[in-house]
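Student: I should like to learn how to read the features of a structural model. May we take one and work through it feature by feature?

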Amino acid sequence: HGRAPALQESRRMENYQGMHEMGFSAEAQSAQGVGVGGGGGYPSAPSGPAPTSTSTFTMEPGERPEPPSVLVSVPTGYEPAEGELQVEVSDPHRVGEGLGKHLEYKVSYWTTLPQYARARGSVTRRYSDFEWLWKMLRSSMDGVIVPALPHKTLMANDDPTSAAIERRRHSLAVLVARVAAHPVMRTSADLQIFLEEQNKASWSVRVPWYERGVTSDALKGVTDWFQSTVRLDDVVSGGLAVAAAAGV
């Protein structure tokens, strides 16, 4: 009887040691990307935050997605355009450091339109480049309703894995998909520049420095908020009314 407690204690220590070794083995296998727990060798899911796309990012457009990620139709009143042009926006990724850091998106296209040099290609574009395209279309496409551009936020966000950036990516994808499907806007030379231009230095000419980076995000966010909440004519007329009442 006196040996029973000692034997039980010995067995508990053996079990504890065995469980500890199994736990260490599972941790080591998980760190090496090997599945455990009867998984048959399948890679285990990452335990931390989802990795950014920078490690697997490639400039190859790849095969054309079927169906497209954004389904759009030709606007009412237009005949379907000849040729095909499909544009996809994907892979948000962080570029730069300090005040110059920003997010860029991979923009890929597939086309049968004869004015394009290649049948498919990819570029990287930042928000201000999309904004440039939007402004150029608005100024050059008389009588055409240009799709809305997503607003910038008051707080700069450079986390490519955040839900806010995913919403922005989707909104930008909708914008370019609608432009590409439109029989008139798809013929724009500015759209072709947006999709084909590989020289990033040329964008510093098209888009001023103060419209780029985290500083421009904050300024643009404040401007959008001010324009959406305060009408300038109300401020001016209100000021004039106050001045008139004061006899100025």
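Tutor: Let us begin with V74, which lies in the loop between helix 1 (3-31) and strand 1 (85-95). Please keep in mind that this is a predicted model.

Student: Is V74 buried, partly exposed or exposed?

Tutor: A residue counts as buried under 20% relative accessible area and as exposed over 50%, with partly exposed in between. V74 has a relative accessible area of 31%, so V74 is partly exposed. Together with Y78 and V184, V74 makes a nonpolar surface patch of about 190 Å².

Student: How should I read the sheet, and what is the order of its strands?

Tutor: One reads which strand pairs with which, and in what sense. Here an open sheet of 3 strands has the order 1-2-3, and the pairing is antiparallel. Strand 1 and strand 3 each have a single partner strand, so each stands at an edge with one side lacking a neighbour in the sheet. On average, neighbouring strands of this sheet are turned by 20° against each other, direction ignored.

Student: How many bridges join strand 2 and strand 3?

Tutor: Strand 2 (residues 102-111) pairs with strand 3 over 7 bridges, in the antiparallel sense. Two positions illustrate the register: Y109 has G121 of strand 3 as its bridge partner, and K106 stands opposite T124 in strand 3.

Student: Why is strand 3 described as largely enclosed?

Tutor: Strand 3 (residues 120-126) has 7 residues, of which 6 are buried, so the rest of the structure largely encloses this strand.

Student: How should I approach salt bridges, and how many are found in the whole structure?

Tutor: Side chains of opposite charge can pair when their charged atoms come close. In the whole structure, 4 salt bridges are found. One of them joins the side chains of R120 and E63, at 3.9 Å from N to O. R120 belongs to strand 3 and E63 to the loop between helix 1 and strand 1, so this pair ties together parts 57 residues apart in sequence. R120 is partly exposed, at 34% relative accessible area, whereas E63 is exposed, at 69%.

Student: Which residue forms a salt bridge with R169?

Tutor: The side chain of R169 meets that of E166, at 2.8 Å from N to O. Both lie in helix 3 (residues 163-181), and being 3 residues apart they are separated by about one helical turn. R169 counts as buried, at 14% relative accessibility, while E166 counts as partly exposed, at 39%.

Key. Residues numbered from 1 in each chain as written. Predicted model: local features only at pLDDT ≥ 70, side-chain atom pairs only at ≥ 80, totals over all residues. Heavy atoms only, no water. Buried < 20%, exposed > 50% of the residue type's maximum accessible area, 1.4 Å probe, protein only. Helix = DSSP H or I, 4+ residues; strand = E, 2+ residues; numbered from the N terminus. Pairing = 2+ DSSP bridges. Patch = residues over 30% accessible without salt bridge, like charges linked within 9 Å, V, L, I, M, F, W, Y side chains within 5 Å. Areas by Shrake-Rupley, 256 points an atom, 1.4 Å probe, with all protein chains shown as cover. Axes fitted to C-alpha atoms, helices over the stretch in contact; angles between N-to-C directions.
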